[in-house]
Amino acid sequence: MAVHDPGAFAGAFPTLDLGEGTPWHQRLGLLLESTGEGIFGIDLDGHCMFINRAGAELLGHDAAEVLGRNMHELTHHSHPDGSVYADTDCPIFNAFRRGLPCRIDSEVFWRRDGSCFAVEYSSYPIVDGDTVRGAVITFVDITERKRAAQAMRESRDELERRVAERTAELSAALSQVRALSAWMDSVREEERTRIAREVRDELGSLLVGMKMDVDWVNRRLGEQKAREPAEAEAMRLQLRAKCDNMSQLIERAVDNVGRIITDLRPSILDHQGLWAALEWQANEFVQSAELALGWRMAIDDAPELPEPTAMAVFRIFQEMLSNVGRHARATRVDIDIRIVGGSLHLMVSDDGVGAPVQAFHAPGSYGIRGMRERALHFGGTVDVHSTVGQGTTLHLRMPAP
């Protein structure tokens, strides 16, 4: 340790017993050199009276060249941004000027090479009786601590940003799910209404007609005994005609019931499987929509999909065709179904008006969203490729065990 005029501040330290015959300032020097913290003392003019080796090394100086120097001008002359730090504002000097001990961790000390480092320092007055002799300052380099704290703050800010983004995404997704659920409820209600109307208007009228015919036949049969043979024979002819009419009404009722059942769940799906049901649905659609059909199926004798998956594929296919019918204004639809690498690929392409990509991600595109949600439930995806004026292709990928 380097000491400048130790007799000038000898009374500032208590007597320490570190061995017989050892001068007190040497014993104090051993204590100061044993710590990793920087320690220096200043007199009332701010000049360095002593500094330990750790303190000198932190400042980039030799201990001997620091002694007698004004420590504020040497190492505490500027703020972190380089602006001048007046010694009248210096907490170190205030320790003996105003009797205000301090502990500061928001400033910097400057090294010999002109660089600075974040520092935490404490300053306490050296008091001899009632007389202040100067101040003793301890300090440590907290650059790494500041860097770690800054990294932690940045990490926390990044985490908060990501949490906020994720929360916003989840909120938007929840709103979309709610809107999709409401749309699906609306579609189901419309379908129930349509089926109820068909049952009432068609089946209801057929059943009323048959009841009237049955009542007519019942009355005429009751009168048959009172008729003359010629009249009875004429009535039998009328009864036969009425029965023929009733048979036709029954056939129409059966056809209507079958059509309604097919709308609810095509029997071909249960009896002949998914592949036949897809081909049947495609032909039914192009006939009703008056479109040309390009059909290609390459499934290489693939087994039928599990029933829930097959129903999902069939419903998605129906919705794809429905989109073509409602929006495409097409003259032709091409359907390509194949199994590649353990996955089912089902593509429906039209030569219609097409649409910009963003139209398929709009909040109101419930049909596309419904298809995607249904496919996602079974590990599949639905992609849309469309160009304005060049048609649209809907592509379903679904795992095919």
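In this predicted model, strand β7, which covers residues 292-298, runs parallel to β8, and seven bridges join the two strands. One place to find this pairing is Leu-293, whose bridge partner in β8 is Val-333. To pass from β7 to β8 the chain goes through α10, and the β-α-β crossover made in this way is left-handed. Strands of a sheet pair through backbone hydrogen bonds, and they may do so either parallel or antiparallel.

The second arrangement appears at the next step, where eight bridges join β8 to β9 and the two strands run antiparallel. Here Asp-336 has Met-347 in β9 as its bridge partner. The hairpin of β8 and β9 has two residues between the strands, and within this hairpin Gly-341 takes a positive phi near 60 degrees.

What is the order of the strands in the open sheet? The sheet has five strands in the order β7-β8-β9-β11-β10, and its pairing is mixed. Because β7 and β10 stand at the edges and each has a single partner strand, one side of each is left without a neighbour in the sheet. From one strand to the next, the twist averages 10 degrees. At the β10 edge, six bridges join β10 to β11, and these strands run antiparallel; in this pair, Val-382 stands opposite Leu-396 of β11.

Helices also lie against these strands. α11 packs on the sheet, where it touches β10 and β11, and its direction makes about 145 degrees with that of β10. α9, in turn, lies across β7, β8 and β9, and runs at about 170 degrees to β7.

From the sheet we can turn to the side chains. In soluble globular proteins, nonpolar side chains tend to be buried together. The largest nonpolar core in this model has 41 residues, and the members that touch the most others are Leu-274, Trp-275, Leu-346, Val-348 and Leu-396. Several helices and strands supply at least two residues each to this core, among them α8, α9, β8, β9 and β11, while the largest share, 10 residues, comes from α10. Trp-275 shows how such a member is surrounded: leaving aside its neighbours within four places in sequence, Trp-275 is in contact with residues including Met-297, Ile-299, Pro-303, Ile-337, Ile-339 and Leu-344.

A second, separate core has 25 residues, and Phe-40, Val-66, Phe-93 and Ala-135 are included in it. Ala-135 is also one of the contacts of Ala-95, which, apart from neighbours within four places in sequence, is in contact with Leu-100, Ser-123, Tyr-124 and Pro-125 as well. Ala-95 has its place in helix α5, residues 91-97. Is Ala-95 buried or exposed? Its relative accessibility is 0%, and therefore Ala-95 counts as buried. Although 37 residues separate Ala-95 from Val-132 in sequence, the two are 9.8 Å apart in space, taken from C-alpha to C-alpha.

A few totals place these details in the whole chain. The chain has 11 helices and 11 strands, and 36% of its 401 residues count as buried. Among contacts in the chain with a separation of 6 or more, 56% are between residues 24 or more positions apart. The accessible surface comes to about 23000 Å², and 54% of that surface belongs to carbon and sulfur atoms.

Definitions and conventions
Residues are numbered from 1 along each chain as its sequence is written. This is a predicted model: local features need pLDDT of at least 70, side-chain atom pairs count only at pLDDT 80 or more; totals for chains, interfaces and linings use all residues. Side-chain values use heavy atoms; hydrogens and water are left out. A nonpolar core is a set of buried Ala, Val, Leu, Ile, Met, Phe, Trp, Tyr and Cys residues joined through side-chain atoms within 4.5 Å. Buried means under 20% relative accessible area, exposed over 50%, partly exposed in between (1.4 Å probe, protein chains only). Helices (H or I, at least four residues) and strands (E, at least two) are DSSP runs, numbered from the N terminus. Contact means heavy atoms within 4.5 Å. Two strands pair if DSSP finds at least two bridges between them. A crossover is right-handed if, with the strands pointing away from the viewer, the path from the first strand over the helix to the second runs clockwise. Accessible areas come from the Shrake-Rupley method with a 1.4 Å probe; for residues, only the protein chains shown count as cover. Axes are lines fitted to C-alpha atoms, for helices over the stretch in contact, and angles run from 0 to 180 degrees between N-to-C directions.
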